[in-house]
Amino acid sequence: MIVVTSGKGGVGKTTTVANIGTGLALRHKKVVMIDADIGLRNLDVVMGLENRIIYDLVDVAEKTCRSVHKALIKDKRLSNLFLLPAAQTRNKDAISPEQMVAIVDELKEEFDYILVDCPAGIERGFDNAVAAATEAIVVTTPEVSAVRDADRIIGLLQDKEIYDPVLILNRLRPDMVRKGDMMDVDDINDILAIKLLGIVPDDEEIIISTNKGEPAVLNNHSKAGEAFRNIVRRMEGEEVPFMSVNGEPGLFGRFLKLLNGK
Amino acid sequence: MFRDETPSKNQAVERLRLILVHDRAKVSTGLLEQLRGEIINAISKYVEIEEENIEIELNATESKAELVANIPVVKVRRAVE
């Protein structure tokens, strides 16, 4: 079970979960995505599944619906991809970390991947989302505030005995990196010192795909979609070179060497 | 291209470095306590100190972070223990 987290809000956790989940399903993995952001659910909208919700995570925890399977929504494009939506009218206290563990336990026999979309913040919602996690993906953007929060989250994950989180650097703008107005991958790796899973360039296609409710990973013309496809391949154990974002092919090669040398 | 100021990303990196010195020291419970214990052990080999009056602080200014230790010395030992 993999939790996708960031500390700071608005850095792209939900988009990341939607794209990785869809990307893994495209590779014929059986995937369930759990929206743990109770009260502010969004993963349903990003996936374009908002009209299909009958039961939600809280219904499952409170056993309002007979089994967890009753609450799973099948994706409209891929039959091996499912969503367990968050409740919209409750708050983070509506479920406990123990209930979350029980739900994940029930799902893990059946699914190759369980992805949890963690709410922003470090309170109860974070505890719930992380409770059953064995691995974590930390999403950040190249901004001081987001990187600071990511560092805090990496510390909190350690407290929960998740020692090897991996990093997705989201919304990188190559033009700004070239001008020296944006931190690049090397800067952020220096600071956070965790393994890099992927770099996702800033891409208008993400907004367009969210408008439509179709994850960008399905779009072969989207740069961000390509980045997410690469991330999925790396999760599946393939070695995929990092996308060159600043036109210096040597840079990411060096970075890879650095990683492998660890 | 003709800007004389440093690129803004350098400021970002430098500010983050200072912020995280503080964040990590505060968050990691026991880090400063453990450091204090080890400093006392190391220094006590050479000088006798007033352990109860030791002050160890992590200070940050605009441009740097520093670890400041104020350690009152009672006497210097004749030979290293």
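## Chain A as a whole

Among contacts in chain A between residues at least 6 apart in sequence, what percentage join residues at least 24 apart? The figure is 74%. The model is predicted, and every value in this report is computed from it.

Chain A contains 12 helices and eight strands. Its radius of gyration is 18 Å, close to the 18 Å that the globule rule gives for 262 residues, so chain A is as compact as a globular protein of that length. Measured out along the principal axes, the C-alpha trace of chain A spans about 55 × 40 × 30 Å. Of the 262 residues in this chain, 49% count as buried.

## Helix α6, an enclosed element

Helix α6 of chain A covers residues 124–131. Six of its eight residues are buried, so the helix is largely enclosed by the rest of the structure. Those buried residues are Gly125(A), Phe126(A), Asn128(A), Ala129(A), Val130(A) and Ala131(A).

What do the buried residues of α6(A) pack against? Their partners in chain A are two strands, β1 (2–5) and β5 (113–117), and two helices, α5 (97–108) and α7 (144–159). Helix α7(A) appears again in the two sections below.

## Helices α7 and α9

Two packed helices are described by the angle between their axes and the distance between the axes. For α7(A) and α9(A), the angle is about 35 degrees and the axes are 10 Å apart. The crossing of this pair is right-handed.

On the α7(A) side, the residues that meet α9(A) are Val147(A), Ala150(A), Asp151(A) and Ile154(A). Facing them in α9(A) are Ile188(A), Ile191(A) and Leu192(A). By class, the residues of this contact divide into six nonpolar, no polar and one charged. An α-helix has 3.6 residues a turn, so residues three or four places apart point the same way.

## The contact between chains A and B

Chain A gives 12 residues to its contact with chain B, and chain B gives 11 residues. Which elements of chain A give two or more residues to the side that touches chain B? They are α7 and α9 (185–192). Of the elements of chain A, α7(A) gives the most to this side, with six residues.

The side of chain A that touches chain B has five nonpolar, two polar and five charged residues. Helix α7(A) therefore takes part in several contacts: the buried residues of α6(A) pack against it, it packs with α9(A), and it gives six residues to the side that touches chain B.

Notes: Residues numbered from 1 in each chain as written. Chains lettered and ligands numbered in written order. Predicted model: local features only at pLDDT ≥ 70, side-chain atom pairs only at ≥ 80, totals over all residues. Helix = DSSP H or I, 4+ residues; strand = E, 2+ residues; numbered from the N terminus. Rg over C-alpha atoms; globule rule 2.2 N^0.38 Å. Buried ≥ 20, exposed ≤ 12 C-beta atoms within 10 Å, placed from the backbone. Contact = placed C-beta atoms within 7 Å. Nonpolar A, V, L, I, M, F, W, Y, C, P; charged D, E, K, R; others polar. Axes fitted to C-alpha atoms, helices over the stretch in contact; angles between N-to-C directions. Left-handed = near helix turned anticlockwise from the far one by under 90°.
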